Amino acid sequence: MSNQFTALKTIWIKECIRFTRIWVQTLVPPAITMSLYFVIFGNLIGSRIGDMGGFNYMEFIVPGLIMMSVITNSYSNVASSFYSTKFQKSIEELLVSPVPTYIIVLGYMGGGMARGLCVGIIVTILSLFFVDIQIHNVAVIFATVLLTAAVFALGGLINAVYANSFDDISIIPTFVLTPLTYLGGVFYSITLLPDFWQGVSQFNPIIYMVNAFRYGFLGVSDVDITTAFAVIIAFISALFAVAYRLIDKGVGIRH
């Protein structure tokens, strides 16, 4: 057990060193991007929109923007890191070592979560320059951000397993992740949508993550919080099982 913990800690530390060493590329750009969102959507457009869900527009979108930064960075960190190990053939050293597959999955997942949380903290600090953040339930905030980071870190790992080139790791974020995020209630309440589109929105998992996170800050949500956590945990379980099986079978790795 101690050897497994050492292996897990080593992978996790390696992943953390990787993104902190190039912090100008991994931590600064998300901060700049989110600052632009705060200025454009919060200050300029938000002042014309008025209240949303009983709060001014800036207060309403801040939790969603924080969550959006966590999602994209948790995903991209693992996708790029794991594919790099495949490209450099260094993943083979890990596979032939006596490290259990679940430790490999947990190690990369932990690295992705670490970057997502770091960016989330930076964006939260930046948001304080634009709005006074309210906190309704700290436990819900921490639970939601940790579980959501885990979901998308696992998603990034699966993407990297199947990727055959560096271009492949940008396809899912561009054509799947970005649309789901923008349609995930970050900038609006789904109660504004017609009944049909409200029903369609229920199939977007990011709706549950954003609303659970918003509930932690503002105490309002468009979905049931228990349902939201059930959906997030179900995704973690399913994605972990898929990632475990793919790496255990050597899909996209062993030739």
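Here are some questions and answers about this predicted model.

Q: How many salt bridges does the structure hold?
A: A salt bridge calls for a side-chain nitrogen of Lys or Arg within 4 Å of a carboxyl oxygen of Asp or Glu. K14 and E15 form such a bridge. By this rule the count comes to one.

Q: How far apart are the closest N and O atoms of K14 and E15?
A: The cut-off for a salt bridge is 4 Å. K14 and E15 form a salt bridge. The separation of their closest N and O atoms is 2.8 Å.

Q: Of K14 and E15, which is buried?
A: Buried means under 20% relative accessible area. K14 has 37% relative accessibility, so K14 counts as partly exposed. The other partner has a relative accessible area of 0%, and that buried residue is E15.

Q: How many aromatic pairs are there in the structure, and are the rings of F38 and F130 stacked, tilted or edge-to-face?
A: The pairs found in the structure number nine. For F38 and F130, the ring centres are 5.3 Å apart and the planes stand at 35°. Planes under 30 degrees apart count as stacked and those over 60 as edge-to-face, so the F38 and F130 pair is tilted.

Q: How many residues apart in sequence are the parts that F38 and F130 tie together?
A: F38 lies in helix α3, which covers residues 28-49. F130 lies in the loop between α6 (101-127) and α7 (138-162). The pair therefore ties together parts whose separation in sequence is 92 residues.

Q: Which of F38 and F130 is partly exposed?
A: The dividing value between buried and partly exposed is 20% relative accessible area. F38 has a relative accessible area of 0%, so F38 is buried. With a relative accessible area of 27%, the partly exposed residue is F130.

Q: Are the rings of Y182 and F187 stacked or edge-to-face?
A: The ring centres of Y182 and F187 are 5.8 Å apart. Their planes make an angle of 15°. Planes under 30 degrees apart count as stacked, so the Y182 and F187 pair is stacked.

Q: Which of Y182 and F187 is buried, and which residue joins them in a cluster?
A: Y182 is partly exposed at 34% relative accessibility. At 10% relative accessibility, the buried one is F187. Ring pairs link both of these residues into a cluster with Y37.

Q: Which residue has its charged end over the ring of F60?
A: A charge over a ring has to be within 6 Å of the ring centre. The charged end over F60 is 3.8 Å from the centre of that ring. The residue is R214.

Q: Which residues does N73 touch, leaving out those up to four places away in sequence?
A: N73 is in helix α4, residues 57-87. At 4% relative accessibility, N73 counts as buried. Its contacts are T26, P30, G112, R115, G116 and V119.

Q: How much accessible area does the nonpolar patch that includes V39 have?
A: V39 is found in helix α3 and is partly exposed, with a relative accessible area of 34%. Together with V39, the patch is formed by I32, L36, I40, L44, I45 and I49. Their accessible area together is about 580 Å².

Q: Which residues is V39 in contact with, leaving aside neighbours within four places in sequence?
A: Contact means heavy atoms within 4.5 Å. Among the residues of the nonpolar patch are V39 and L44. The contacts of V39 are L44 and F130.

Q: What is the phi of K89?
A: K89 is found in the loop between α4 and α5 (91-96). K89 is partly exposed, with a relative accessible area of 46%. Although K89 is not a glycine, its phi is positive, at about 70°.

Q: How far apart in space are the C-alpha atoms of I121 and A31?
A: I121 is in helix α6 and is exposed, with a relative accessible area of 52%. I121 and A31 are 90 residues apart in sequence. Their C-alpha separation in space is 9.9 Å.

Q: What separates the C-alpha atoms of L128 and V62?
A: L128 is in the loop between α6 and α7 and is exposed, with a relative accessible area of 51%. L128 and V62 are 66 residues apart along the chain. Their C-alpha atoms are separated by 9.7 Å.

Key. Residues are numbered from 1 along each chain as its sequence is written. This is a predicted model: local features need pLDDT of at least 70, side-chain atom pairs count only at pLDDT 80 or more; totals for chains, interfaces and linings use all residues. Side-chain values use heavy atoms; hydrogens and water are left out. Buried means under 20% relative accessible area, exposed over 50%, partly exposed in between (1.4 Å probe, protein chains only). Rings of Phe, Tyr and Trp (its six-membered ring) pair if their centres lie within 6.5 Å; planes under 30 degrees apart count as stacked, over 60 as edge-to-face and the rest as tilted. Helices (H or I, at least four residues) and strands (E, at least two) are DSSP runs, numbered from the N terminus. A charge sits over a ring if NZ of Lys or CZ of Arg is within 6 Å of the ring centre and within 35 degrees of the ring normal. Patches are made of residues with over 30% relative accessible area and no salt bridge: like charges are joined within 9 Å, nonpolar side chains (Val, Leu, Ile, Met, Phe, Trp, Tyr) within 5 Å. Accessible areas come from the Shrake-Rupley method with a 1.4 Å probe; for residues, only the protein chains shown count as cover.
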